[in-house]
Amino acid sequence: MKIWRHFFINIFFLFNIYSYLYNMKTIIKPENLRFLFREKNNNGAEFTVKSLKTNKDYTFKISRSLWNEKWYTHVKVEQGYQDYKRLGTFADGQITDKKQVVDTPAAKAIAWVLRQISGGDYSKLNNNVEIMHTGACLVCGKKLTDAESIEHGIGPVCRS
Ligand SMILES: [Zn+2]
């Protein structure tokens with residue numbers, strides 16, 4: 001009987017360690033998100049924004065593309081694991097989709113974050129949210145491998 005109890009406790013323990021490592025995210029300073037607006041085509045920078053007040057978090061994917069000589073910032077939000085839904089395009093401080101302002105909680109949250117970044121003021125971000133990347137460069141989406149890149153969420157090529 002005792003052996004079985006130890007067995008189950010250990011399985012439970014290992015499962016917790018596994019899920020912790022599997023979902024491991026690295027907290028970065030919000031100012032590193034300024035690279036998001038770089039004029040560059042990409043498939044989507046993935047990051048998580050967690051509210052320090054409510055503990056609620058959203059994972060976003062932001063991609064940039066050039067169309068008719070204008071740069072567009074497209075925003076998706078994760079619904080289920082790695083299942084992304086398009087929210088809309090960020091412009092003039094808001095998320096819009098088909099010329100309508102999107103005002104879901106996720107859209108409002110990311111619009112607020114992007115407004116702070118485009119305004120170059122990181123104080124409210126520092127005080128209210130935690131930004132985490134998921135191991136990939138916030139500009140090009142390639143996997144980050146060296147310590148400095150992981151600390152910033154940006155690879156050496158995109159950082160320069
Ligand atoms: Zn990169």
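Which residue in β6 does T89 stand opposite? I opened the notebook with this small point and found that T89 stands opposite T96 in β6. Before going further I noted that the model is a predicted one.

**Entry: overall layout**

I looked up the elements next, and the chain has five helices and eight strands. Reading along the sequence, I wrote down the pattern α-β-β-β-β-β-β-β-α-α-β-α-α. I also checked burial for the chain, where buried residues make up 25% of the 160 residues. Turning to contacts between residues at least 6 apart in sequence, I saw that 43% of them join residues at least 24 apart.

**Entry: the sheet**

I then followed the strands across the sheet, which is open, has eight strands with antiparallel pairing, and takes the order β1-β8-β2-β3-β4-β5-β6-β7. The edge strands are β1, residues 26-28, and β7, residues 100-101, and each of these pairs on one side only. As background I noted that strands of a sheet pair through backbone hydrogen bonds, in either a parallel or an antiparallel way.

I also looked for what packs on this sheet, and found helix α2, residues 105-118, touching β2 (45-51), β3 (57-67), β4 (70-80), β5 (83-91), β6 and β8 (129-133). The direction of α2 makes about 50 degrees with that of β5.

**Entry: from β5 to β6**

I came back to the pair with which I began, and recorded that β5 and β6 pair in the antiparallel sense over three bridges. These two strands form a hairpin with two residues between them. D92 is placed in the loop between β5 and β6, and its phi is near 50 degrees, a positive value in a residue other than glycine.

Is D92 buried or exposed? I counted D92 as exposed, because 8 other C-beta atoms lie within 10 Å and the cut-off for an exposed residue is 12 or fewer.

**Entry: from β6 to β7**

I moved one strand along, to β6 at residues 94-97, which is joined to β7 by two bridges, the two strands running antiparallel. On this side T96 stands opposite V101 in β7, so that I could place T96 between two partners, with T89 opposite it as well. The bridge partner of D97 in β7 is Q100.

β6 and β7 also form a hairpin with two residues between them, and K98 in the turn has a positive phi of about 50 degrees. K99 lies in the loop between β6 and β7, and the phi of K99 is near 65 degrees, again a positive value in a residue other than glycine. K99 is exposed, because 6 other C-beta atoms lie within 10 Å.

**Entry: the nonpolar core**

Which residues have the most contacts inside the largest nonpolar core? I found that this core has 27 residues, and that those with the most contacts inside it are F60, V75, L87, I95, I110 and L138. I noted that β2, β3, β4, β5, α2 and β8 each supply at least two residues of the core, while its largest share, seven residues, comes from α2.

I finished with V75 and listed what it touches, leaving out residues up to four places away in sequence: F60, I62, L87, G88, F90, I95 and I110.

Notes: Residues are numbered from 1 along each chain as its sequence is written. This is a predicted model: local features need pLDDT of at least 70, side-chain atom pairs count only at pLDDT 80 or more; totals for chains, interfaces and linings use all residues. Helices (H or I, at least four residues) and strands (E, at least two) are DSSP runs, numbered from the N terminus. A residue is buried if 20 or more other C-beta atoms lie within 10 Å of its own, exposed if 12 or fewer, and partly exposed in between; C-beta atoms are placed from the backbone. Two residues are in contact if their C-beta atoms, placed from the backbone, lie within 7 Å. Two strands pair if DSSP finds at least two bridges between them. Axes are lines fitted to C-alpha atoms, for helices over the stretch in contact, and angles run from 0 to 180 degrees between N-to-C directions. A nonpolar core is a set of buried Ala, Val, Leu, Ile, Met, Phe, Trp, Tyr and Cys residues joined through C-beta atoms within 7 Å.
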